[in-house]
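Here are my notes on the model you passed along. Have a look at the structure first, then go through the points in any order you like.

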Amino acid sequence: INDSGDGPYFYSTNLDGSEPKKIKISKFQPIDVEDLSYGKCGEKNCIFIGDIGDNFHSRKTIHIIGVEEENTFSGPVVPVIDLNLRYPDGSYNAEAMALHPSGDLFIITKIQNNYEESKIFKLSKNLLNDKLKNTKKLEFLGTLKLKKILKNNRQITGMSISPDGERFLILTYETAIEFNINLSSKIDWNSLVLKEGENFNLIKLDVLKQQEAITYSYD
């Protein structure tokens, strides 16, 4: 995917980068697309695309769609899941979204300054697959306390959940962190103490100019 301003599209290639394709998404007018994920949507496999960016904290709702996976995308696609979501306590800018193997979907917000911590929100599997067209409310789980881990840039720009659900990755403009934490388990985020080598590990990266996407391979 591209960032804001691109329109209702996603892109596919082979694993070696060959045969790039631009696929139009019908009935989708995004404001600021930021992340994508892959997993089950009912009995189907879907690519989930998150229109979740909000640099000015002005959006009343965010938008997530699910597009059914095809072996070869050859033309426009129509979402099989189309969700309008709202946060329980206002507006947030976010660039990190991932689907858990349990079917729950998670969003981690992007902080605006060094005085804040990122917040973790969840949409349950039942709400994700609910066909009603009403606006659904995200559940606040807690804060991801990174101040003691990352001294400088703590702006989260992407995330991914391992295929077994037992770990998750976050990406910032400087580094990546893998947490040995299952997001779908019951966690008291307020009392959780993060310890390197115990429940998280820093991953050294060659810093890219604007790194905003990360994923686990399927295996």
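**Strand pairing, cores and the pocket**

1. Let me start with one residue pair: K122 has E139 in β11 as its bridge partner. This is a predicted model, so please read everything below in that light. The pair belongs to a longer match, in which β9 and β11 (residues 139-144) run antiparallel and are joined by 5 bridges.

2. Staying with β9, the strand covers residues 118-123, and 5 of its 6 residues are buried, which leaves it mostly covered. Strand β9 also pairs with β8, again antiparallel, through 4 bridges. If you want a spot to check by eye, I107 sits opposite F121 in β9.

3. Next, the open sheet of 4 strands: the order is β12-β13-β14-β15 and the pairing is antiparallel. At its edges are β12 (156-161) and β15 (200-203), each of which pairs on one side only. On average, neighbouring strands here are turned by 20° against each other, ignoring direction.

4. Within that sheet, β12 and β13 (residues 168-172) are antiparallel and share 5 bridges. One place to look is I161, which stands opposite F168 in β13.

5. The other open sheet I'd point you to has 5 strands in the order β3-β4-β5-β6-β10, with mixed pairing. Its edges are β3 and β10 (136-137); each has a single partner strand, so one side of each has no neighbour in the sheet. Inside the sheet, β4 and β5 are antiparallel partners over 6 bridges. There, I49 is found opposite I65 in β5.

6. Which residues have the most contacts inside the largest nonpolar core? They are I108, L144, M159, F168, I170 and F179, in a core of 21 residues. At least two residues of this core come from each of β7 (94-99), β8 (105-109), β12, β13 and β14 (176-179). Strand β12 gives the largest share, 3 residues. There is also a second, separate core with 20 residues, among them C41, I62, I64 and L138. As background, nonpolar side chains in soluble globular proteins tend to be buried together.

7. L144 deserves a look of its own. Setting aside neighbours within four places in sequence, L144 is in contact with I108, E117, S118, I120, I156, I170, F179 and W189. Of these, I108, I170 and F179 are listed with L144 among the residues that have the most contacts inside the largest core.

8. On to the largest pocket, which has a volume of about 1,500 Å³. Its lining has 45 residues, and those nearest the centre are L36, S37, Y38, I47 and T215. Elements giving two or more residues to the lining are β1 (9-12), β3 (35-41), β4 (44-51), β7 and β12. Strand β3 has the largest share, with 6 residues.

9. S37 is a handy landmark for that pocket, as one of the residues nearest its centre. S37 is in strand β3. Is S37 buried or exposed? Its relative accessible area is 12%, under the 20% cut-off, so S37 counts as buried. Leaving out residues up to four places away in sequence, S37 touches C46, I47, F48, M97, A98 and L99. For a distance to check, the C-alpha atoms of S37 and T157 are separated by 14 Å, with the two residues 120 apart along the chain.

10. Finally, two backbone angles to look over. Most residues other than glycine have a negative phi. K27, which is not a glycine, has a positive phi of about 60°. K27 lies in the loop between β2 (21-24) and β3. With a relative accessible area of 73%, K27 is exposed.

11. The other one is H57, also not a glycine, with a positive phi near 55°. Where is H57 found? H57 is in the loop between β4 and β5 (62-68). Its relative accessibility is 33%, so H57 counts as partly exposed.

How values were computed
Residues are numbered from 1 along each chain as its sequence is written. This is a predicted model: local features need pLDDT of at least 70, side-chain atom pairs count only at pLDDT 80 or more; totals for chains, interfaces and linings use all residues. Side-chain values use heavy atoms; hydrogens and water are left out. Two strands pair if DSSP finds at least two bridges between them. Axes are lines fitted to C-alpha atoms, for helices over the stretch in contact, and angles run from 0 to 180 degrees between N-to-C directions. A nonpolar core is a set of buried Ala, Val, Leu, Ile, Met, Phe, Trp, Tyr and Cys residues joined through side-chain atoms within 4.5 Å. Buried means under 20% relative accessible area, exposed over 50%, partly exposed in between (1.4 Å probe, protein chains only). Contact means heavy atoms within 4.5 Å. On a 1 Å grid over the protein atoms alone, a cavity is a set of points where a 1.4 Å probe fits but cannot get out, and a pocket is an open set with protein on both sides within 12 Å along at least five of seven lines; lining residues have an atom within 4 Å of a point. Grid points are joined across faces, edges and corners, and a volume is the space filled by probe spheres set on the points.
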